[in-house]
Amino acid sequence: MKLYTPKTGEYNFVMAYPAIEEFALSSLGYLWLYKIADEKQGINAVRISTDNVSINFKEVDSLAFSLSFDFDCLGVLEVLDKLSIPFYAKDRNEYLPLIFAGGPVITTNPKPYEAFFDFMIIGDGEEIFDKILDILKLKLSKKETLNQLSELEGIYIPNKQCKKASVSLNNVIYTPIISEKSYFKNTFIIEVSRGCMNRCAFCTASFTNLPYRYYEYDKIIDAIELGLKHTNKIALLGAQISAHPQFNDIMSYIRNKIENGQNIELGISSLRTDSVTADTVKTLVLGGQKHSTIAIEAASERLRKFINKNLTEEQILNAVKIAKDNGLKGLKIYSMIGIPSETYTDIEEFISLAKKIKNENKGFNIEFSFSTFVPKPQTPLQWSKREDIKSLEKKQKFLEKELSKIGINSKFSSAKWDYWQTVLSRSDENITPALVEIYNNGGKIGAYKKAIKGLNIDITKSVEGFDFNEELPWDFIEMPPAKQILINEYKRLCKFV
Ligand code: SF4
């Protein structure tokens with residue numbers, strides 16, 4: 001169900017999602033940009049995804065992708081393949097569509113993918129997107145179109161400089177298409193805030209979205225009311241929603257409605273460990289939530305200081321207690337292993353914390369979920385070495401064994417896939433031919449190793465890390481904070497090593 005009135009026109013625009021439709025329909029940024037195109041006079045906008053590439057018109061004028069995860073690049077190739085469009089921009093002549101991309105992956109480091117696109121959006125897309133469509137609609141030559149686009153802040157045309165686009169949050173972004181086919185079935189998602197002021201040293205959600213911004217309370221309430229006209233499932237989204245100055249008022253507003261008999265299912269992505277309150281948990285429980293997630297990110301207090309997470313053991317124990325005492329049935333606790341300088345002393349500290357959590361919260365369902373540290377561009381840890389797969393897998397086995405001894409379930413991300421994520425996220429344009437090779441060979445993990453080896457691509461830097469004085473593949477993007485500030489922050493954090 002579209003919550004707006006679409007328009008149509010002569011210009012055939014395709015908004016493509018590089019994964020299956022279930023995920024496309026749950027991606028707020030993707031759907032919002034599609035809405036902008038679909039509402040625009042003169043544009044015939046169509047949505048496609050990897051499992052649904054049917055297009056009901058012969059000629060595509062332009063095609064846009066939104067990349068949220070590093071491995072989405074293979075989904076881009078799958079869509080182009082299914083449409084019989086050449087992968088590389090240089091191989092697409094004047095009569096083939098202009099193809100562009102945006103999203104968190106492109107904003108963080110577009111270099112590995114830039115050869116596939118005519119241009120890219122770096123940063124916030126919602127304001128620039130309308131201007132892009134105005135230029136595209138003119139149907140000028142590709143060269144002239146790119147010339148005009150290059151005047152816009154946030155447009156990256158390969159091998160040129162680029163400044164990140166950053167908007168003030170005015171009109172609230174919400175799910176414009178409610179669907180039972182979405183991963184979040186029939187859910188109306190509302191963006192409450194963007195970015196996070198905590199600046200954990202590994203976090204792109206924080207560093208690529210500075211400064212932290214939020215929508216006005218009244219506008220969020222209006223969006224909640226709009227959503228409730230169409231569904232009873234409301235979700236609030238944002239990396240740090242509880243930092244909204246009126247977060248408690250927003251929660252009270254929803255809680256009052258539930259207490260007055262309105263059937264509302266409420267979801268929020270995760271609880272902030274150092275600011276979990278009884279009222280927030282009670283509202284979530286009233287809104288039907290049985291479990292929630294807190295992120296502690298690292299095994300020990302020392303490591304949490306090193307990544308600027310600064311959570312104490314006491315704060316973690318307190319958060320779990322509040323969650324339990326106020327009606328949640330269980331909590332997932334998310335953490336990472338492989339943060340630079342981590343040793344088994346840190347991991348032992350984690351196990352001792354897990355024992356305390358278990359002992360103090362009998363009957364409460366606790367599950368631990370671990371990923372392995374992936375150093376990301378645009379963050380203070382962008383220079384760091386990635387720990388090797390064998391040593392990470394050994395730590396995973398150790399944790400699994402020790403946690404099961406105390407009756408706690410644990411889940412682990414694949415150290416091998418996280419390794420390849422590291423390689424993709426910190427590479428430059430030299431890796432691009434390997435991406436095509438990997439796609440052509442089925443995209444499984446063996447295809448990565450084979451392609452890198454077969455094409456003799458040097459990925460040492462992406463794995464081992466960089467020196468402060470060398471140029472990084474993504475340095476050309478002008479984005480606050482300046483590189484020197486990231487260096488200073490890294491050096492400050494090193495006192496905890
Ligand atoms: S609190 Fe979460 S969202 Fe904020 S910087 Fe840390 S990891 Fe990122």
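Two residues are taken to be in contact when their C-beta atoms, placed from the backbone, lie within 7 Å. With that in mind, the tour of this predicted model can begin at a pair of helices.

In the contact between α2 and α5, Trp32, Leu33, Ile36 and Ala37 of α2 meet Glu126, Phe129, Asp130 and Leu133 of α5. Sorted by class, this contact holds 6 nonpolar residues, no polar ones and 2 charged ones. Helix α2 spans residues 28-38 and helix α5 spans residues 126-137; their axes come within 10 Å and cross at roughly 35 degrees. The crossing of α2 and α5 is right-handed.

A second pair to visit is α3 with α16. Helix α3 covers residues 72-82 and helix α16 covers residues 432-440, and the two axes come within 10 Å, crossing at roughly 70 degrees. Helices α3 and α16 are therefore roughly perpendicular to each other. Their crossing is right-handed. On the α3 side, the contact is made by Cys73, Leu74 and Leu77, and on the α16 side by Leu435, Val436, Ile438 and Tyr439. The residues of this contact comprise 7 nonpolar, no polar and no charged.

The third pair joins α9 (residues 247-259) and α10 (residues 278-286), with axes that come within 10 Å and cross at roughly 35 degrees. Here the crossing is left-handed. Helix α9 brings Asn248, Met251, Ile254, Arg255 and Ile258 to the contact, while α10 brings Asp279, Thr280, Thr283 and Leu286. The classes in the contact of α9 with α10 are 4 nonpolar, 3 polar and 2 charged.

Attention now turns to the sheets. Strands of a sheet pair through backbone hydrogen bonds, either parallel or antiparallel. One open sheet is built from 3 strands in the order β8-β11-β12, and its pairing is parallel. Strands β8 (187-191) and β12 (265-268) stand at the edges with a single partner strand each, so one side of each has no neighbour in the sheet. From one strand to the next, the twist averages 20 degrees. Strand β11 (residues 233-237) is joined to β8 by 5 bridges, and these two strands run parallel. Within this pairing, Phe188 stands opposite Ile234 in β11.

Another open sheet has 4 strands, arranged in the order β13-β14-β15-β16 with parallel pairing. Its edges are taken by β13 (291-297) and β16 (409-412); each has a single partner strand, so one side of each is left without a neighbour in the sheet. Neighbouring strands in this sheet are turned against each other by 25 degrees on average, direction ignored. Strand β15 (residues 365-372) pairs with β16 in the parallel sense over 4 bridges. Phe368 is found opposite Ser410 in β16.

The model also includes a ligand, and its surroundings are easy to list. Around the ligand stand Cys196, Asn198, Arg199, Cys200, Cys203, Ala205, Ser206, Ala239 and Gln240. This shell has 5 nonpolar, 3 polar and 1 charged residues. Arg199, one of the residues surrounding the ligand, deserves a second look for its backbone. Its phi is near 55 degrees, a positive value in a residue other than glycine. Arg199 sits in the loop between β9 (193-194) and α7.

Two peptide bonds complete the picture. The bond from Leu210 to Pro211 is cis, with omega near -5 degrees. Pro211 is placed in the loop between α7 (204-207) and β10 (213-214). The bond from Pro480 to Pro481 is cis as well, with omega near 0 degrees. Pro481 belongs to the loop between β17 (477-478) and α19 (483-493).

Technical notes:
Residues are numbered from 1 along each chain as its sequence is written. This is a predicted model: local features need pLDDT of at least 70, side-chain atom pairs count only at pLDDT 80 or more; totals for chains, interfaces and linings use all residues. Axes are lines fitted to C-alpha atoms, for helices over the stretch in contact, and angles run from 0 to 180 degrees between N-to-C directions. Angles under 35 degrees count as roughly parallel, over 145 as roughly antiparallel, 65 to 115 as roughly perpendicular and the rest as oblique. A crossing is left-handed if the near helix is turned anticlockwise from the far one by less than a right angle, and right-handed if clockwise. Ala, Val, Leu, Ile, Met, Phe, Trp, Tyr, Cys and Pro count as nonpolar, Asp, Glu, Lys and Arg as charged, and the others, Gly among them, as polar. Two strands pair if DSSP finds at least two bridges between them. A residue is near a molecule or strand if its C-beta atom, placed from the backbone, lies within 6 Å of it.
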